[in-house]
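Let's take a walk through this fold, starting with the sheet and working outwards to the helices, the core and a few backbone oddities. Keep the viewer open as you read.

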Amino acid sequence: MNETMQLSLLRERFCRRERRSVSAVREFTREAVTDWGFGARLDDVLVCVSELATNALLHGVPPGRGYLVRLRLEAGGCALSVEVHDSGGGVPAKRLPDGESGRGLLLVDALADRWGVGERDPGKFVWCAFTKA
């Protein structure tokens with residue numbers, strides 16, 4: 001069997017409300033992106049997943065909850081999507097930076113090919129997508 005055929009097209013990781021979860025998500029993402037042959041976009045994907053996970057951790061995860069990171073390879077291996085699901089309220093939006101914060105979605109907007117916010121009950125998910133370089 002072809003080695004590519006053995007790779008999963010969907011990977012998920014549930015993360016607890018802990019700061020160290022962001023670095024664990026980066027490593028989880030690095031492994032998937034490398035396995036899927038998306039190495040040319042690795043840096044962009046890692047920055048975006050870090051920003052989305054950090055936003056979920058700081059603004060979207062109530063005490064005692066966690067967040068879900070979902071990576072999906074689509075379009076015959078030519079597109080990668082990242083989703084970060086949390087159970088918090090509110091709708092994330094780009095905003096002007098305020099001191100050390102407020103740059104996360106600006107970075108996602110600059111690095112990803114597309115991004116957006118979807119509803120779930122409870123909470124929301126923020127997604128971004130990349131095409132193969």
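## The sheet and what packs on it

Start with the sheet: five strands make up an open sheet, ordered E1-E2-E3-E5-E4, with antiparallel pairing. The edges are taken by E1 and E4 (114–119), each of which has a single partner strand, so one side of each is left without a neighbour in the sheet. Ignoring direction, neighbouring strands here are turned by 15 degrees against each other on average. Bear in mind that you're looking at a predicted model.

Now go strand by strand. E1 (residues 10–16) pairs with E2 (residues 66–74) over seven bridges, in the antiparallel sense. If you want a place to check the register, Arg 16 has Gly 66 of E2 as its bridge partner. Moving on, E2 is joined to E3 (residues 79–86) by seven bridges, and those two strands run antiparallel. Here Leu 68 is bridged to His 85 in E3. E3 then pairs with E5 (residues 124–131), again antiparallel, over eight bridges. Look for Asp 86, which sits opposite Lys 124 in E5. As background, strands of a sheet pair through backbone hydrogen bonds, either parallel or antiparallel.

How do E2 and E3 connect? They form a hairpin with four residues between them. One residue in that loop deserves a click: Ala 75. Its phi is near 50 degrees, a positive value in a residue other than glycine. For context, most residues other than glycine have a negative phi, and most peptide bonds are trans. Ala 75 is also exposed, its relative accessible area being 61%.

The other half of that background remark matters further along the chain. The peptide bond from Asp 121 to Pro 122 is cis, with omega near 0 degrees. You'll find Pro 122 in the loop between E4 and E5.

Next, the helices. H1 (residues 20–35) lies across E1, E2 and E3, and runs at about 170 degrees to E1. With its 16 residues, H1 reaches 23 Å from first C-alpha to last, close to the 22 Å expected at 1.5 Å a residue. Which residues of H1 are buried? They are Ser 21, Val 22, Val 25, Phe 28, Thr 29, Ala 32 and Val 33. Looking down the axis of H1, these buried residues fall within an arc of 130 degrees, so they line one face of the helix. The spacing fits a simple rule: an α-helix has 3.6 residues a turn, so residues three or four places apart point the same way. On the other side of H1, Arg 20 and Thr 34 are exposed.

What do the buried residues of H1 pack against? Their partners are E1, H2 (42–60), E2 and E3. After H1 comes Gly 37, which has a positive phi, near 75 degrees.

Arg 11 is a good residue to look at from the sheet side. Arg 11 lies in E1, and it is buried because its relative accessible area is 16%, where under 20% counts as buried. Setting aside neighbours within four places in sequence, Arg 11 is in contact with several residues, among them Phe 28, Glu 31, Ala 32 and Asp 35. Its contacts also include Trp 36, Val 69, Arg 70 and Leu 71. Not everything in H1 is that close, though: the C-alpha atoms of Arg 11 and Ala 24, 13 residues apart along the chain, are separated by 14 Å.

H3 (104–111) has its own buried residues, Gly 104, Leu 105 and Val 108. Seen down the axis of H3, they fall within an arc of 90 degrees, so they line one face of the helix. The buried residues of H3 pack against H2, E4 and E5.

Finally, the core. In soluble globular proteins, nonpolar side chains tend to be buried together. The largest nonpolar core here has 31 residues, and the members touching the most others are Tyr 67, Val 69, Cys 128 and Phe 130. The elements giving two or more residues to this core are H1, H2, E2, E3, H3 and E5. H2 gives the most, with nine residues.

Key: Residues are numbered from 1 along each chain as its sequence is written. This is a predicted model: local features need pLDDT of at least 70, side-chain atom pairs count only at pLDDT 80 or more; totals for chains, interfaces and linings use all residues. Side-chain values use heavy atoms; hydrogens and water are left out. Two strands pair if DSSP finds at least two bridges between them. Axes are lines fitted to C-alpha atoms, for helices over the stretch in contact, and angles run from 0 to 180 degrees between N-to-C directions. Contact means heavy atoms within 4.5 Å. The expected span of a helix is 1.5 Å times one less than its number of residues. Buried means under 20% relative accessible area, exposed over 50%, partly exposed in between (1.4 Å probe, protein chains only). The arc is that of the directions from the helix axis to the C-beta atoms. A nonpolar core is a set of buried Ala, Val, Leu, Ile, Met, Phe, Trp, Tyr and Cys residues joined through side-chain atoms within 4.5 Å.
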